[in-house]
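Here is a brisk report on a two-chain model. Keep the coordinates open while reading.

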Amino acid sequence: MFIVLSLSVLCLFFAGYVATSFLRAGGGLFDRFALTLGLGILADYILVMSGLPLTNVLAIVSILAVFGALMFAIDVIRRRRNGETRQREPVLTAACCIAYLLGVYYFFVFSEPLMRWDARSVWFLHAKMIWIEGALRGDGWVHPSLAFSSPDYPKLVPAIAAQLGALNGYWNEFFPKGSLLVMLVPLLLWVFSFRKKAVSFLLLAMMFFFSLDAWLANGYMDGYLAMYCGVALLLFGRYAAEGRDADLHSAICAAGIAACLKNEGVLFGVCLTTTLVLLAARHPVVGLRQFVRRLSATPRFAAVLLLAVAPTLIWTLRKRAWGLENHITGDLSTLVSRLMDRLTDGSTPEFILRNLTTEATAIWVVVGLLAATLMFVAYQRAPVHRGALVAAATSVLYFCGIYTAYLGTPTGLGFHLTTSAGRTMATASVGLLVCLYFLLTGLEASDATAGETSSAARREGR
Amino acid sequence: MSGVRPATLLVAAALGWTVLAVVRAALPAGDGLVGEYFTNPDWSGAPAFSSLDTEPTTATVMRRWRGSPPEQFSVRWIGFLTVRRPGSYTFSTTSDDGSQLVLDNAVAPLVDNGGVHGPQTRSGTIHLDRGSHLLELRYTQRGGGAALSWSWSREGAAPTAVPAWTLSQRRIAYSTAVAARILDWVRYTLALLAALAVALLVRTFAGTGPGRAGTEWVLGRLRLMSARAGYRSPAGAIFSVAALIVVLALPWPDARGRPFLARVVTALDVLNRTAVHALADFGAFQANLDTPRAGEEVLPFWTQEVMLMLRRPGRSVDRYQLSDSIAAEDFVLQQIVASAWPRRLERDAKARFVLNTEPVAAGCEVIERRTEVSLVHCP
């Protein structure tokens, strides 16, 4: 399995290299590797979504990977001939940390079979269905006996697991979880691209990994969703401060992957876009006008955006064609009346709020820390990182979205909150953590210009 | 104190407090009784909610109901009481309305203060050995005023309130309860020391501390350390470290969870131990990955039996149905549907799985019978 997984990651990386070579993305070593792999994962998913047989998808990805490997080799040789040398980065410690985490997670993930409800009844049931069918087609998804498994959920991880099944030629309750490890690699690379010897990074890395550790291994998607959303906010924040195109591409790629993990990922994308529209409409770097101008003037940017958005659009069209409906938003008029009933019954709004903030989760810990840090930063007159505002606003909007979803849930509210509040709040918590991270970096001398767009950095990035 | 720098004292006290908080969280002592709150006066049905209560009193009850309890309600607390010395103990409850105290699962309550009445005290005496004793305290309120308190005394001494540190959810040794109590006291002391260190630091920064030389020494060291760590100012560095310590000491991400540091330590331990265990028995680890259908043994037993019958060589079942008794178990039903796919669950299928305890419908023929489930063919 180790060899199959390593080859899969390598294949996806080189398939993604075709895109990143075209993008000529800048950035550090870890960012470039993560973006390349992320785009490879998205491209592979688009191929699966197109309805092609899995064997054909694997063949196409392999051909792309060979092509990408050749491009990679040519790039390396050309750079050596031209005497181009990239600035060496001190990556050894970080690389060791990543290798250690991947190593222990390899054993952790595969030591437990698929047994948790969401894992077995949703994500990896869908994976098995795709593997049995040999492709992602419309047959079977609307069968009444499968209604419990939420067939309308996105299929990124199931698609990867199904391809691992196609490579292995059999199915069991262990190896499909390898898809989780594939998803973990770009995450680790992106998070460690923020490495520095500071408390802020220690806090970020620790709270990222150790607040979500079980959900990164048991087959639930919530941990990965939270991490990808958090990484998107981190990268967007760094782009807002430093203006490097590589960060923008990576942020869009991470948000695109998040939208393919769970429906809440789409909600996150909507919240992030809304934040940018509301907060940064006239901003010279992240503003809406700048965004539209960049879209029309830079085909590379448009290509990344297309790769990131296409899977969600295709899946939306597929769902409509196959008659798949979400159990919360299915019937709009019933949803609205349920929402109004619960909003006005005098107790439900407070009940949900209490559950989401203090009873099922300890999100108040981060909110309290954020408030204290904000006051301290203001008192110290330290610069407030632009990413902090984007992260905070997106998290608050996301919280409101989830709150509304609970108000509209057709299942029993107590049951729904008990079984899912901790997981759904993970993304909001991670978003607030990112905000805390950016605020703390303002206290560090190395980030003295964090709040100011460095034109030099922008020039270098492009 | 004169030889210890305030900053060192603060860091040492904070670290010590955090470590002790983690250790204390691991000791199952003094964590109170499990309280089950019912919206009826006779403890029937499922409780409206449960909580951990260290003081089963009127104040706790009112707080749990958020100040507005139902007209009639009841509460049941269950846990363990740990006593140090063996001897004759007298317990009393004062309640409005009824209360009962049961010790060591006895059939008759030790204190029976039941019924509908105003504040009334009843007592009972029992011999207790050293160690933990199962305790159940019941309280019912049938309208009107509400009151509850309880006390104990040993060998005829004056009654006193039962200390919170003697109550726990698990049976523990008395030494564990004492260790937990000592840890609590040490933590309070460290908190006081930390407060003292903060006061000294404030004085130092304000220039009224232990002399100009001392002040400059502290400030110089702080500036040097924070600059080396890449911070704009010593205050920023201290704040960042304090934020880290606070996060490590608080429950996160679960509201009712352990301190985050304990979670991190446990997670690292589990990750490493899993890896070491897998490497030590690498053959079994690899076999799980390489064997088709490996891991299905975690499925519910009925699901495993259904799958065995569906996969019997030579048997071709594309559609099946389940008896109402099997289908009534939501989880089992879902696991069967997920495991049996692409075979589909259909109401009119001829292959039907029934429990062996169920009668087979007329006209149906038993194809295979396993321990608990049978496959029948119904034309």
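## Strands, helices and contacts

B:L322 has B:F353 of β14(B) as its bridge partner. The model is predicted. That pair belongs to the contact between strand β12 (residues 319-322) and strand β14 (residues 351-355) of chain B, where three bridges join strands that run parallel.

These two strands sit in a wider sheet. Five strands of chain B make up an open sheet, ordered β13-β12-β14-β16-β15, with mixed pairing. The edges are taken by β13 and β15 (365-369) of chain B. Each has a single partner strand, so one side of each lacks a neighbour in the sheet. Helix α8 (residues 301-310) of chain B lies across β14, β15 and β16 (373-377) of chain B. Its direction is at about 40° to β16(B).

**Strand β4 of chain B and its partners**

What pairs with β4(B)? Strand β7 (residues 120-128) of chain B does, antiparallel, through nine bridges. Strand β9 (residues 147-154) of chain B is also antiparallel to β4(B), over eight bridges. Within these pairings, B:T93 is opposite B:R122 in β7(B). B:S95 is opposite B:L148 in β9(B).

B:Y89 is part of this same strand, β4 (residues 87-96) of chain B. Is B:Y89 buried or exposed? B:Y89 has 21 other C-beta atoms within 10 Å, so it counts as buried; the threshold for that class is 20 or more. Leaving out residues up to four places away in sequence, B:Y89 touches B:T125, B:I126, B:L128, B:W152 and B:R154. B:W152 is 63 residues away along the chain, yet the two C-alpha atoms are separated by 6.7 Å.

After β4(B) the backbone does something to check by eye. The peptide bond from B:D96 to B:D97 is cis, with omega near 10°. B:D97 lies in the loop between β4 and β5 (99-103) of chain B. A second cis bond runs from B:W252 to B:P253, with omega near 0°. B:P253 is in the loop between α5 and α6 of chain B.

**Residues with positive phi**

Two non-glycine residues and one glycine have positive phi. The table lists each value with its place.

| Residue | Phi | Place |
|---|---|---|
| A:S150 | about 45° | loop between α5 (117-133) and α6 (156-168) of chain A |
| B:N105 | near 60° | loop between β5 and β6 (111-113) of chain B |
| A:G243 | near 70° | follows α9(A) |

The two non-glycine cases fall in separate burial classes. A:S150 is partly exposed, with 19 other C-beta atoms within 10 Å. B:N105 has 9 C-beta neighbours inside 10 Å, so it counts as exposed; the limit for that class is 12 or fewer.

**Helix α9 of chain A**

A:G243 comes after helix α9 (residues 222-242) of chain A, which has 21 residues. From first C-alpha to last, α9(A) reaches 30 Å. That is close to the 30 Å expected at 1.5 Å a residue. How enclosed is α9(A)? Of its 21 residues, 21 are buried, so α9(A) is largely enclosed by the rest of the structure.

**Domains of chain B**

The domain assignment divides chain B into domain 1 (6-25 + 176-249), domain 2 (34-171) and domain 3 (298-377). The C-alpha centres of domain 1 and domain 3 of chain B lie 65 Å apart.

B:V11 sits in helix α1 (residues 6-26) of chain B. B:V11 is partly exposed, with 17 other C-beta atoms within 10 Å. B:A194 is 183 residues from B:V11 in sequence, but their C-alpha atoms are 8.0 Å apart in space.

**Where the chains meet**

How many residues of chain B are in contact with chain A? There are 44, and they contact 57 residues of chain A. On the chain B side, α5 (234-249), α6 (260-280), α7 (282-290), α10 (330-340) and β13 (344-345) each supply at least two residues. α5(B) gives the most, with nine residues. By type, the side of chain B that touches chain A holds 28 nonpolar, 10 polar and six charged residues. β13(B) thus appears twice in this report: it supplies residues to that side, and it stands at an edge of the five-strand sheet.

Note on methods:
Residues are numbered from 1 along each chain as its sequence is written. Chains are lettered from A and ligands numbered from 1 in the order in which they are written. This is a predicted model: local features need pLDDT of at least 70, side-chain atom pairs count only at pLDDT 80 or more; totals for chains, interfaces and linings use all residues. Two residues are in contact if their C-beta atoms, placed from the backbone, lie within 7 Å. Helices (H or I, at least four residues) and strands (E, at least two) are DSSP runs, numbered from the N terminus. Ala, Val, Leu, Ile, Met, Phe, Trp, Tyr, Cys and Pro count as nonpolar, Asp, Glu, Lys and Arg as charged, and the others, Gly among them, as polar. The expected span of a helix is 1.5 Å times one less than its number of residues. Two strands pair if DSSP finds at least two bridges between them. Axes are lines fitted to C-alpha atoms, for helices over the stretch in contact, and angles run from 0 to 180 degrees between N-to-C directions. Domain bounds come from an automatic or database domain assignment.
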